[in-house]
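Hello,

Here is the structure I promised to pass on to you. Please have a look at it first, and then read on for what I found in it.

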Amino acid sequence: MMRGTKTLMLLAALATAACAKEKGDTVEPKVMKTDAEWKAQLTPEQYRVTRQKGTERPYAGAYWNHKELGTYSCVCCGQALFLSDTKFDSGCGWPSYFRPIAEDVVVEHRDTSHGMVRTEVVCSKCEAHLGHVFPDGPPPTGLRYCINSASLAFHPLAAPPPRERPLAVGDAVPAVFLETAGGETFDLQEASRRQPLVLIFYRGGWCPYCNAHLSRLREIEEPLRNLGFRLLAISPDRPDKLKETAEKHHLAYTLLSDSSMHAARAFGLAFAVDEDTLAKYGEYGIDLEAASGEQHHMLPVPAVFVVGTDGIVRFAHADPDYKVRLDPDQILAAARGLAGRP
Ligand SMILES: [Zn+2]
């Protein structure tokens, strides 16, 4: 049986290569290794799953409950396959994603084994068996790529390089991942490609100036939406603190958690709170570690950015004086300017 499968795989590989040649495409050479080579490279479980189409036990793999930000690649050939922001909690006991990192990194095969008709998913580069895809996933694709942990290797996301000065008009939005109040990963660059954004950086739900500003921003949420904009407010607060803030001030727009301060650093807004200020905060009952769930004692300079769908900053405002906040009308005017609707 193994021999038959291997022959089929080889034929499939040759067919793909031939096809690509006819179209004049250049294809990356496929990774082809002998069984002995795969056995030497992989653990017995990885070999059984990827090269013999095995399935790991549910709730037993390394990644079914894994929530770090980063990339999942093929354990056999290293091709990047899935991003953490497309991973969701399917409850099935295997890591589940609603789409691969790119269309051409996986290949689908009809699988009629075990008396079922399923769609097998393999790595396009080395034909490693990854798992199956089912049509019962969440939006936006409605697909559930149910993948064996043993087929994957995880690479945590490197922090984007910090900036000395705040992002200014003409700068590109950096690649940063945030977390929603519900604990979902949020890809800021991807969001900016979908629609223009108004980004608010605030210090936290513990700050009365931030709360007053967040409340006032409700006034412009609808006009912004009518202009096609999405309003997002980012702070170091951890997700459950975001939920508290949204409920307390009846905010319908999206609050995002930047606990790691990766976004604030990449936007050039992060600063370390000095010891005296920390002591003073302590007297007021403000606990930055409790707010962010981290130990960095960093805060962002409050700021506002208007970003086009090309990912370029069109309007920027940052004031180190935390008591000074931009008037919502000025934010709306900046959005109107970008939308070409004064
Ligand atoms: Zn592979």
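**The sheet and its hairpins**

Strands β6 and β7 (residues 129-134) are antiparallel partners, held together by four bridges. In this pair, Val 122 faces His 129 of β7. The two strands make a hairpin with five residues between them, and Glu 127 in that turn takes a positive phi of about 65 degrees. Before I go further, please keep in mind that this is a predicted model.

On its other side, β6 (residues 118-123) runs antiparallel to β5, with six bridges between the two. Val 122 turns up again here, since it also stands opposite Val 107. The β5 and β6 strands form a hairpin too, with six residues between the strands. His 114 is the residue to look for in that hairpin, with a positive phi near 55 degrees.

How do these strands fit into the sheet as a whole, and in what order do they lie? The sheet is open and has six strands, in the order β3-β4-β8-β7-β6-β5, with antiparallel pairing. The edges are β3 (87-88) and β5 (106-111); each has a single partner strand, so one side of each has no neighbour in the sheet. As background for reading the side chains, those in a regular strand alternate between the two faces of the sheet.

At the β3 edge, the partner is β4 (residues 96-97), which is antiparallel to β3 and joined to it by two bridges. Lys 87 sits opposite Tyr 97 of β4 in this pair.

Between β7 and β8 (144-147) there is a loop that contains Pro 140. The peptide bond leading from Pro 139 into Pro 140 is cis, with omega near 5 degrees.

**A pair of helices**

Now for the helices α5 (residues 208-226) and α10 (residues 328-339). Their axes come within 9 Å of each other and cross at roughly 20 degrees. Because of that angle, α5 counts as roughly parallel to α10. The crossing of α5 past α10 is right-handed. On the α5 side, the contact is made by Arg 216, Leu 217, Glu 219, Ile 220, Pro 223 and Leu 224. From α10 it takes in Pro 328, Ile 331, Leu 332 and Ala 335.

**Three residues worth a look**

Is Lys 241 buried or exposed? This lysine lies in helix α6 (residues 239-248), and it counts as buried because it has 22 C-beta neighbours inside 10 Å, where 20 or more is the cut-off. Apart from neighbours within four places in sequence, Lys 241 is in contact with Gly 205 and Ala 291. The C-alpha atoms of Lys 241 and Gly 293 are 9.9 Å apart, although 52 residues separate the two along the chain.

After α6 comes the loop that leads to β14 (254-257), and His 250 is found there. His 250 is not a glycine, yet its phi is positive, at about 55 degrees. With 8 other C-beta atoms within 10 Å, His 250 is exposed.

Lys 53 is another non-glycine residue with a positive phi, again of about 55 degrees. Its place is the loop between α3 (44-52) and β1 (70-74). Lys 53 has 19 other C-beta atoms within 10 Å and is therefore partly exposed, as a residue needs 20 or more to be buried.

**The chain as a whole**

Stepping back, the protein chain contains ten helices and 18 strands. Its C-alpha atoms fill a box of roughly 70 × 45 × 35 Å along the principal axes. There are 342 residues in the chain, and 36% of them count as buried. For contacts between residues at least 6 apart in sequence, 64% join residues at least 24 apart.

How confident is the predictor, and what is the average pLDDT of the protein chain? The average is 89, and 90% of the residues score at least 70. Residues 1-26 need some care when you look at the model, as a stretch where the pLDDT is below 50. Beyond near neighbours in sequence, that stretch has six contacts in the model.

Happy browsing, and best wishes

Methods: Residues are numbered from 1 along each chain as its sequence is written. This is a predicted model: local features need pLDDT of at least 70, side-chain atom pairs count only at pLDDT 80 or more; totals for chains, interfaces and linings use all residues. pLDDT is the predictor's confidence in each residue, from 0 to 100. Two residues are in contact if their C-beta atoms, placed from the backbone, lie within 7 Å. A residue is buried if 20 or more other C-beta atoms lie within 10 Å of its own, exposed if 12 or fewer, and partly exposed in between; C-beta atoms are placed from the backbone. Two strands pair if DSSP finds at least two bridges between them. Axes are lines fitted to C-alpha atoms, for helices over the stretch in contact, and angles run from 0 to 180 degrees between N-to-C directions. Angles under 35 degrees count as roughly parallel, over 145 as roughly antiparallel, 65 to 115 as roughly perpendicular and the rest as oblique. A crossing is left-handed if the near helix is turned anticlockwise from the far one by less than a right angle, and right-handed if clockwise.
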